[in-house]
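Hi everyone, thanks for making time. I'd like to walk you through a structure that may be new to you, so let's get it up on the screen.

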Amino acid sequence: MRTQPIDRAAAALPAETRASVYDGSKSGYDKRTKVLFDHYADPDRLRELAGEVKQHVVENLDTYLPALEARLLANGAKVHWASTAEAACEAVHGIMKARGARKLVKAKTMVSEEIGLEDYLTKRGIESLETDLGEFIVQLDHDHPSHIIKPIMHKNRRQIAETFEKNGLGAYDDRPEEITRRARGFLRHKYLEADVGLTGANFVVAESGRVVVVTNEGNSRFCLAATRCHIVLVGIEKILPRDRDLGLFLNLLARSGTGQHLTVYNEFISGPRGAGQPDGPEEMHVILVDNGRTEVLATECRDILRCIRCGACLNVCPVYRQSGGHAYRSVYPGPVGAVLSPLLLGKRFPEKADLPKASSLCGACNEVCPVNIPIPDLLLRLRDRAHREGVPSPGTPPMGAWAILATQPVAWRSALLAGRAINYLPTALVPVPALRAWESKRTLPPWRGGEFRRWLKARRK
Amino acid sequence: MTNDREAILARVRDALRPLGERAPLPDFEEGVDLARNRSPLADPLAEFTERIRAVNGEVLAGPAALVESLRARGWTHGYCDPALWPVFAPFFGAPFTVETSFDRTRVDDYSFGITRGVGAIAETGTIILDDATSSSRLAALAPWAHVAVIPRSRLYADLPSAVAALGADPNIVWCTGPSKTADVEGILIEGVHGPGFQAAIFTD
Ligand code: SF4
């Protein structure tokens, strides 16, 4: 049978990886659900409210972007705009060149992965190092993150210990505590050597120009305590209107992402370091990145731009749990990625048009999303778009025969009667190989075709 | 880059033009819409203590308790904010060595850092630092233990009231318990890049 790329990736997944991903995502989901519902009488009300705030931002970016820019400038930050991935990389490189900087430490930025920053800088002789433990391990392995907030969900301690050993971080030792200590010892000196700290932003507040960065490990904090120049790479959709919206969003983000009351480090940065403070950047740059977002904004799927990258929809998704993040072949995996990744490609949409089909439309992602994004609806719209653009759809079962039956009452009735034969036929003899394979592992429920028609007839009388 | 600015804004305007009505900004009331299922303890300090313990942090009664706790763990070399030192110095005899400036070339020499916090949040057990109050970002981060000394009057009941009090400092950080990760097989490990021990002392 011909299959789609995501099916092939999922099928090729080693059992070990599948187990890691399954356990990791499930525990994330269980914790989150408990905390959110223990803490709020009506968590759905919060999700709807947060969704409305972000939808408002998305639909008013034409006023929020200039307002934010003005605020950032007034705070003493420099503002850069980048239409494309290339332009964003150039902006980072330009800032570094102007300072004669050769080393950069990164924290909490998916946009840097999206724009391929590491590659770009390495080619130009600049060292850029991931500081989140998981991202650091991914970097050592020349791998890619497989989850939005748990980048190495697909790896186990044995694989990590081997990576450390190979990279000169001590002899093989797979105790998680020891792995963490070694990373701590190694990375703190890297922060101190680096000229530039680059972070993403969970939120940027238009009214105050505050850049909000949230981490548990404190790696972003270390970037901002040790380096002299701070670069923020942020997608244009990350805006919140008012400071007070943070009360809503920080509460939801921690609970939805990891089931915490609050993430360990929440940083609110609105400019270069204060007078008298010895540590931290004396220069702050904010790069506002488009890279396909305005294309998304122009579609009926613009709701996906509300996303706050909490990872909840990944954890709950049955397809993600079985296939792992890499099967999505994009920086953003899972349900959010299935919508966002093909859209961000703009005209090259067909390359990832299989992703919106990787969903059973069970609706779980919508139910957990802290900004209430109707992901299943968006997936349907994208399937429709793929159909309209004539993207081939290998692996989709042909509906032809079913369509004929369903539109001709006589044919339908006889098929229902014929179906009853299945109850009496030894199915092991059915001459369809696929069906035989299926039957060898399962038992068919008894055929009950026609019951509904009988019931309806009886009722009419 | 100026071109990119114009180009992005033009694309945004084009994308939004076909929209009829734009989604309005909803309003909410912190006390109603964000209200948690919680019965705040009568004493916010008791609530703070309970919450910081829940994330493996501590409240220390004062300098004497701090010194005892450091001594018991064998943490004898550290940093103290110069403004606090006159009050704390009498409690630190041998075997302690305490510096009042933080030397970034020797980050691993310090096992503790004592700094001033600008506030705290009771409902989450959070310590708040900022650039104007807290003498050194690094000293509150690099040593294994961090202790913040916070005026009791700046203990906020909940997260929305702490947001309302953010103020104009260019760098504010909320710290809730030790730095931690669950990246390796979901197992919780504390003390990743920042402190593995986070504590608060409240002053009147
Ligand atoms: S789509 Fe919703 S649930 Fe998924 S990562 Fe984004 S905010 Fe979280």
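I'll talk about charged side chains here, going from pairs to a network and then to a surface patch.

One thing to say up front: this is a predicted model.

Let's start with the general idea. Side chains with opposite charges can pair when their charged atoms come close. So how many salt bridges does a search of the whole structure find? Over all chains, the count is 46.

Let me pick out a few. Find Arg99(A) and Glu282(A), whose side chains meet in a salt bridge with an N to O distance of 3.6 Å. Arg99(A) sits in helix 5 of chain A, residues 85–99, while Glu282(A) is in the loop between strand 9 and strand 10 of that chain, so this pair ties together parts that are 183 residues apart in sequence. As for the surroundings, Arg99(A) is partly exposed, at 28% relative accessible area. Glu282(A) is partly exposed too, at 43%.

Next, please look at Lys106(A) and Glu130(A), which form a salt bridge at 3.0 Å, N to O. Here the link runs from strand 2 (residues 103–107) to strand 3 (residues 127–130) of chain A, so it ties together parts 24 residues apart in sequence. Are these two buried or exposed? Buried means under 20% relative accessible area. Lys106(A) has a relative accessibility of 2%, so it counts as buried. Glu130(A), at 6%, is buried as well.

A third pair is Glu351(A) with Arg348(A), where the closest N and O atoms are 2.9 Å apart. Both partners are partly exposed: Glu351(A) has a relative accessible area of 46%, and Arg348(A) comes in at 47%.

Salt bridges can also share partners, and that happens here with residues from chains A and B. Arg242(A), Arg244(A) and Asp245(A) are joined with Asp27(B) and Glu30(B) into one network.

Now for the surface. Which residues form a positive patch? They are Arg413(A), Arg453(A), Lys457(A) and Arg460(A). Helix 22 of chain A, residues 451–460, supplies the largest share of that patch, with three residues. Arg453(A) is placed in helix 22, and this arginine is partly exposed, with a relative accessible area of 32%.

To recap, we have seen a buried lysine, Lys106(A), paired with Glu130(A), a network that includes Arg242(A) and Asp27(B), and a positive patch on the surface. Thanks for listening, and I'm happy to take questions!

Notes. Residues numbered from 1 in each chain as written. Chains lettered and ligands numbered in written order. Predicted model: local features only at pLDDT ≥ 70, side-chain atom pairs only at ≥ 80, totals over all residues. Heavy atoms only, no water. Patch = residues over 30% accessible without salt bridge, like charges linked within 9 Å, V, L, I, M, F, W, Y side chains within 5 Å. Areas by Shrake-Rupley, 256 points an atom, 1.4 Å probe, with all protein chains shown as cover. Salt bridge = Lys/Arg side-chain N within 4 Å of Asp/Glu carboxyl O. Lys, Arg positive; Asp, Glu negative; His and termini not counted. Charge placed at Lys NZ, Arg CZ, Asp CG, Glu CD. Helix = DSSP H or I, 4+ residues; strand = E, 2+ residues; numbered from the N terminus. Buried < 20%, exposed > 50% of the residue type's maximum accessible area, 1.4 Å probe, protein only.
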